[in-house]
Amino acid sequence: MDFDLPADLEEYRKQVREFSLREFTEETAMMHDIKEKYPDELRKKALESGIIDFSNPWKTMLGIEEMCRVDPGLGISATVPYFGAEILMLHGSDYLREKYLSKVATGKMMMGLGVTEPGGGSDVAGLKTSAKKSGNHYILNGSKMFITNGGIADFFVTLVRTAEPDVPSKRHRGLSVLVVERNFKGFSSNKLTGKLGVRATNTAELIFDNVEIPQENLVGEEGKGFYYVMEFFNISRVFVAAQSVGIAQGALDMVTEYLSSQEKKGVPVSEELKFKLSEMATRTEASRLLMYKAASYLFNYKPNPTITSMAKGYASETAAFCAETAMEVTGMTGLSTKLERFFRDSKIMEIWEGTSEVEKIVISRMMMRGDSSE
Ligand SMILES: Cc1cc2nc3c(=O)[nH]c(=O)nc-3n(C[C@H](O)[C@H](O)[C@H](O)COP(=O)(O)OP(=O)(O)OC[C@H]3O[C@@H](n4cnc5c(N)ncnc54)[C@H](O)[C@@H]3O)c2cc1C
């Protein structure tokens with residue numbers, strides 16, 4: 001077993017770090033956070049400079065980690081225009097991949113994923129948005145809530161109900177995925193402001209009022225939507241683990257620097273503070289190892305949902321723990337530096353793409369079924 005990354009990945013990690021340190025200046029990060037403005041110029045720069053590279057998922061994961069280590073809001077913004085792309089990659093027709101996915105990959109279009117509704121996000125099968133077949137179209141009615149890129153994306157891969165479940169207790173049946181364009185008649189969005197964190201990302205409510213969706217915008221097969229979205233979460237949760245490890249590492253960097261500089265100045269650093277640093281470092285490393293294990297299963301085409309949920313659940317709680325502990329250790333210094341943003345940005349890690357409780361439900365269900373982590 002070798003815990004070292006291959007040289008090309010180490011080199012890539014270094015490039016992303018240099019890019020992030022150069023582009024994610026404090027001024028840029030603060031401005032986008034305060035104004036709640038999406039950094040479109042950074043999205044373009046990241047793509048043009050070649051550091052967004054979908055040819056290798058290890059690079060995507062390491063890139064997300066390194067960017068979020070410097071600034072979570074900007075890091076997530078630079079990597080989120082492709083959110084949901086794997087669903088089109090795995091199940092979209094040639095027509096959909098050509099019309100939408102190829103343009104997302106080249107930065108000509110931005111996409112989003114619409115699953116959560118005003119009635120709740122954890123109970124995916126309980127969604128209410130419905131699409132009724134009418135000739136060679138679907139007529140879409142309903143709404144989606146808290147959708148990333150909701151106010152700026154060109155289209156959304158959207159989970160909707162196309163049929164009532166054949167067995168009432170099997171609510172996950174009868175769901176399908178449609179591609180909904182912003183410029184379809186009857187589509188509108190409302191930007192949501194005042195979020196606690198990741199304020200550089202754009203979040204909106206989507207409203208569908210008798211939107212006509214061409215039949216060819218159905219992704220894969222009708223009725224398979226729930227499975228496609230769950231399969232996607234088993235991929236995207238590894239990338240949320242990467243966001244979380246980045247945040248935890250960024251907080252750890254700041255605390256290490258702060259305590260070392262205190263000691264250099266001759267200010268005594270108590271044992272208690274050193275123990276906090278140790279715990280942050282240990283939990284960050286444990287999260288990274290879980291993430292690598294989940295990634296290694298996933299990127300070798302043998303996804304392991306138990307390990308993936310462990311990685312996402314543990315890393316996200318570690319991000320929140322490290323950001324909070326860093327604030328405690330650094331006191332006033334933390335409150336008036338970028339740590340304050342890390343503290344706010346870390347909370348969403350425990351919420352999106354499966355809350356901590358949802359991850360625990362997945363883990364315990366898989367364990368009791370006999371699908372253990374080994
Ligand atoms: C900034 C932001 C961006 C987002 N981006 C997107 C996006 O792009 N696309 C998208 O589809 N969604 C997005 N979401 C939504 C996100 O995925 C949901 O917030 C999340 O799934 C939780 O859903 P909810 O907020 O409705 O909470 P709920 O599902 O109502 O849950 C509330 C609480 O109850 C707990 N809970 C729920 N069910 C159970 C249970 N069975 N057992 C134990 N506890 C339970 C939860 O863990 C949580 O603590 C985003 C959210 C935010 C805040």
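**Domain arrangement and ligand surroundings**

The domain assignment of the chain yields three segments, namely domain 1 (7-82), domain 2 (109-223) and domain 3 (227-369). The coordinates analysed here belong to a predicted model, and the description below turns to the pairing of domain 2 with domain 3 before the ligand is considered.

The C-alpha centres of domain 2 and domain 3 are separated by 30 Å, and the contact between these two domains draws on 16 residues from domain 2 and 13 residues from domain 3. Between domain 2 and domain 3 an area of about 1,100 Å² is buried, with carbon and sulfur atoms giving 73% of this area. On the side of domain 2, the residues that lose the most area to domain 3 are Leu113, Leu196 and Val198, which together account for 38% of what that side buries.

With regard to polar interactions, the rule finds zero salt bridges across the interface of domain 2 and domain 3, whereas four residue pairs in polar contact, both residues at pLDDT 80 or more, are found across that interface. The residues on the side of domain 2 that touches domain 3 comprise eight nonpolar, six polar and two charged residues.

The ligand is surrounded by 20 residues, of which Thr116, Gly121, Ser122, Thr355 and Glu357 are the closest. By the domain bounds given above, domain 2 spans 109-223 and domain 3 spans 227-369, and the numbering of these closest residues may be read against those bounds. For three of the residues, distances between polar side-chain atoms and the ligand can be stated individually: a polar side-chain atom of Thr116 is placed 2.7 Å from a nitrogen atom of the ligand, while a polar side-chain atom of Ser122 lies 2.6 Å from a ligand oxygen atom, and a polar side-chain atom of Glu357 is likewise found 2.6 Å from an oxygen atom of the ligand. When taken alone, the ligand exposes 960 Å², and 65% of that area is buried by the protein.

Methods. Residues numbered from 1 in each chain as written. Predicted model: local features only at pLDDT ≥ 70, side-chain atom pairs only at ≥ 80, totals over all residues. Heavy atoms only, no water. Domains from an automatic or database assignment. Contact = heavy atoms within 4.5 Å. Buried area = accessible area lost by both parts, 1.4 Å probe. Salt bridge = Lys/Arg side-chain N within 4 Å of Asp/Glu carboxyl O. Polar contact = N/O pair within 3.5 Å; in protein donor to acceptor, adjacent residues only side chain to side chain. Nonpolar A, V, L, I, M, F, W, Y, C, P; charged D, E, K, R; others polar. Near = heavy atom within 4 Å. Areas by Shrake-Rupley, 256 points an atom, 1.4 Å probe, with all protein chains shown as cover.
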